[in-house]
Amino acid sequence: MNFSSRSLRILLPLLLLAACARPDAGRLVTADVSCPPPPAVVLGEHDMLHYYRCVSTLPPPRLAAEYAVVNEHFQQSKIGADRVKLAMLQSIPNTAPYNPASALHLLAAPPQEGEGVPAGLSELADMLSAVLQRQLAADQKVQNLQKDLAAEKLHADALQLKIDSVKDLERTMTQKDGP
């Protein structure tokens with residue numbers, strides 16, 4: 001299991017836990033929204049969880065199309081809910097839009113509750129930001145370990161060359177001393 005799928009397994013239960021924390025919160029859209037919903041639909045915190053689950057299961061071409069639509073809509077509207085949707089798309093591991101650094105940048109200015117922003121969305125954005133920070137730290141550790149492994153492999157290859165040279169030298173000396 002790689003760290004990306006591990007983070008996804010951590011992120012989804014955390015997001016679901018956040019959704020369960022306020023089951024009676026006002027909802028702008030029900031969970032019966034099509035998968036994925038049209039970009040103009042403003043999703044509440046519960047529906048954002050449904051949205052994440054939905055888009056994380058899309059095939060790559062549909063996910064890329066959804067990313068393009070959400071990105072374009074966000075560029076035009078700059079609505080906080082669209083910011084979170086775009087960050088969610090960029091937080092799905094092992095996909096083309098995966099870019100946790102960009103997602104963190106989007107979440108650096110979390111949506112403020114109020115006009116056009118559902119209640120609880122800023123908390124969801126904060127939680128996603130925390131998970132992404134851990135993901136970036138894990139990704140950095142993996143990169144460092146991969147570099148260390150490559151260096152150790154080079155060292156092992158160099159040692160193997162020396163061993164092979166000593167064996168060749170031993171064979172040559174044995175042949176000269178032999179009958």
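Begin by selecting helix 3 and helix 4 together: in this predicted model, the two are roughly antiparallel to each other, because the angle between them is about 150° and angles over 145 degrees count as roughly antiparallel. Their axes lie 9 Å apart. Viewed as a pair, helix 3 passes helix 4 in a left-handed crossing.

Next, display the side chains along this interface. From helix 3, the residues to show are L63, E66, Y67, V70, N71, H73, F74 and S77. They meet D82, R83, K85, L86, L89 and Q90 of helix 4. General geometry helps in reading such a face: an α-helix has 3.6 residues a turn, so residues three or four places apart point the same way.

Now move to the loop that joins these two helices and select K78. This residue sits between helix 3 (60-77) and helix 4. Its phi is near 55°, a positive value in a residue other than glycine. With a relative accessible area of 47%, K78 is partly exposed.

Continue along the chain and select helix 4 (residues 80-90) with helix 5 (residues 100-107). The axes of these two helices come within 8 Å and cross at roughly 165°. Helix 4 and helix 5 are therefore roughly antiparallel to each other, and the crossing of helix 4 past helix 5 is left-handed. On the helix 4 side of the contact, show R83, V84, L86, A87 and Q90; on the helix 5 side, show P100, S102, A103, L106 and L107.

The loop between helix 4 and helix 5 is the next stop, and N94 is the residue to select there. Its phi is near 60°, again a positive value in a residue other than glycine. Is N94 buried or exposed? At 57% relative accessibility, N94 counts as exposed.

From the loop, proceed into helix 5 and select L104. This leucine is buried, with a relative accessible area of 16%, a value that falls under the 20% limit for buried residues. Which residues does L104 touch beyond its neighbours within four places in sequence? The contacts are S129, L132, Q133 and L136. Add L128 to the selection as well: it stands 24 residues from L104 along the chain, and the C-alpha atoms of the two are separated by 8.5 Å.

Turn then to helix 2, residues 45-55. Of its 11 residues, 10 are buried, so this helix is largely enclosed by the rest of the structure. The buried residues to colour are E45, H46, D47, M48, L49, H50, Y51, Y52, C54 and V55. Keep Y51 selected and add K85: the lysine lies over the face of the Y51 ring, at 5.1 Å from the ring centre. Since K85 also belongs to the helix 4 residues that meet helix 3, this view leads back to the opening stop.

Finally, clear the selections and display the whole protein chain. How many helices and strands are there? The chain contains six helices and zero strands, and its order along the sequence reads α-α-α-α-α-α. Buried residues account for 36% of the 179 residues. Among contacts between residues at least 6 apart in sequence, 58% join residues at least 24 apart. A search for paired aromatic rings, with centres within 6.5 Å, gives a count of zero.

Terms used
Residues numbered from 1 in each chain as written. Predicted model: local features only at pLDDT ≥ 70, side-chain atom pairs only at ≥ 80, totals over all residues. Heavy atoms only, no water. Buried < 20%, exposed > 50% of the residue type's maximum accessible area, 1.4 Å probe, protein only. Phe/Tyr/Trp six-rings, centres within 6.5 Å; stacked < 30°, edge-to-face > 60°. Lys NZ or Arg CZ within 6 Å of the ring centre and 35° of its normal. Axes fitted to C-alpha atoms, helices over the stretch in contact; angles between N-to-C directions. Parallel < 35°, antiparallel > 145°, perpendicular 65-115°, else oblique. Left-handed = near helix turned anticlockwise from the far one by under 90°. Contact = heavy atoms within 4.5 Å.
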